[in-house]
Amino acid sequence: MARRSPSSLIRTDLRCLNRDRSPNITAVTVDDDIFRWEATLIGPVNTPYEGGVFKLRLTFPPDYPRSPPKVVFITRICHPNVADRGGIHLKRLRRDCWTPMSIVKVFKELVEKLIEPEVNDEEQTIEYLANLYKSDRRRFEAMAREMTNQYAGRGN
């Protein structure tokens with residue numbers, strides 16, 4: 001069986017993602033470039049991100065799926081696994097830890113991390129937010145909710 005090209009795999013992932021009917025995520029290509037996407041993620045219910053509309057940028061490498069896509073939050077978010085500039089600190093998205101998976105699964109894992117952040121692995125966290133999350137969860141959630149309302153509110 002012939003191996004499919006990265007662009008063919010990415011097109012299939014885009015169709016599957018938008019067909020998945022997940023209320024949380026949709027994506028489109030940027031300038032008709034299949035290797036660049038802009039996604040919209042709706043914050044999951046019962047989290048400080050609930051109702052927020054978050055924009056993300058995905059950039060696929062030429063050797064996808066052997067290498068992971070780069071996924072970055074464009075919308076500011078207060079989260080222990082997301083840097084100030086939007087970079088996502090999760091091992092699953094690092095080249096040395098990447099296992100090929102569908103983009104639908106990548107987004108499902110991102111939503112899971114919004115619900116329950118990874119706060120016990122220094123390589124995956126923004127230290128001050130992870131510490132706040134562990135020591136004063138109520139204060140962390142208030143801060144995250146405030147930033148969600150400010151930067152990811154429906155009017156933005």
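## Strands β3 and β4

In this predicted model, residue T59 has K70 as its bridge partner in strand β4. The pair belongs to a wider match between strand β3, which covers residues 53-59, and strand β4: 4 bridges link these strands, and the sense is antiparallel. In general terms, the strands of a sheet are held in register by pairing through backbone hydrogen bonds, and such pairing may be parallel or antiparallel.

## The sheet as a whole

How many strands form the open sheet, and in what order do they stand? There are 4 strands, arranged as β1-β2-β3-β4, with antiparallel pairing. Strands β1 (25-30) and β4 (70-73) lie at the edges, each of them pairing on one side only. On average, neighbouring strands of the sheet are turned by 25 degrees against each other, with direction ignored.

Strand β2 is joined to strand β3 by 7 bridges, and the two run antiparallel. Within this pairing, the bridge partner of W37 in β3 is L58. On the β1 side, W37 of β2 stands opposite T29. Residue W37 can thus be followed from strand to strand, with T29 opposite and L58 as a bridge partner in β3. As a general feature of regular strands, side chains alternate between the two faces of the sheet.

## The hairpin of β1 and β2

Strands β1 and β2 pair over 6 bridges in the antiparallel sense. One of the facing positions is that of V28, which stands opposite E38 in β2. The two strands form a hairpin, and 2 residues lie between them. In the turn, D31 has a positive phi of about 50 degrees.

The residue D31 also appears in a charged network: salt bridges with shared partners join D31, D33 and R36. The turn residue of the hairpin is therefore linked with D33 and R36 through salt bridges.

## Helices against the sheet

Two helices may be described in relation to the strands. Helix α1, made of residues 6-19, lies across β1 and β2 (33-42) and runs at about 20 degrees to β2. Helix α2 packs on the sheet and touches β1, β2, β3 and β4. The direction of α2 makes about 35 degrees with that of β2.

## Salt bridges

A search of the whole structure gives 9 salt bridges. Among them is the one between the side chains of R36 and D33, with an N to O distance of 4.0 Å. Residue R36 is partly exposed, at 33% relative accessibility, and D33 is likewise classed as partly exposed, at 26%.

Another salt bridge joins the side chains of D96 and R94, at 2.9 Å from N to O. Here D96 counts as exposed because its relative accessibility is 62%, whereas R94, at 28%, counts as partly exposed.

A further salt bridge connects the side chains of E109 and K105, with 3.6 Å from N to O. Where do E109 and K105 stand relative to each other in helix α2? They are 4 residues apart in this helix, which spans residues 103-115, so about one helical turn separates them. Residue K105 is partly exposed, with a relative accessible area of 42%.

## Cavities

The structure contains 2 cavities of 30 Å³ or more. The largest cavity holds about 60 Å³ of space. Its lining consists of L90, R92, L93, V106, E109 and L110. Residue E109 thus has a place in this lining as well as in the salt bridge with K105.

## Residue N81 in the loop

Residue N81 is found in the loop between β4 and α2. Is N81 buried or exposed? The residue counts as buried because its relative accessibility is 1%, and the limit for that class is under 20%.

Leaving aside residues up to four places away in sequence, N81 touches G87, I88, H89, L90, P117, E118, Q124 and T125. One of these contacts, L90, is also part of the lining of the largest cavity.

Terms used:
Residues numbered from 1 in each chain as written. Predicted model: local features only at pLDDT ≥ 70, side-chain atom pairs only at ≥ 80, totals over all residues. Heavy atoms only, no water. Buried < 20%, exposed > 50% of the residue type's maximum accessible area, 1.4 Å probe, protein only. Pairing = 2+ DSSP bridges. Axes fitted to C-alpha atoms, helices over the stretch in contact; angles between N-to-C directions. Contact = heavy atoms within 4.5 Å. 1 Å grid on protein atoms, 1.4 Å probe; cavity = no way out; pocket = protein on both sides within 12 Å on 5 of 7 lines; lining within 4 Å. Points joined across faces, edges and corners; volume = space filled by probe spheres on them.
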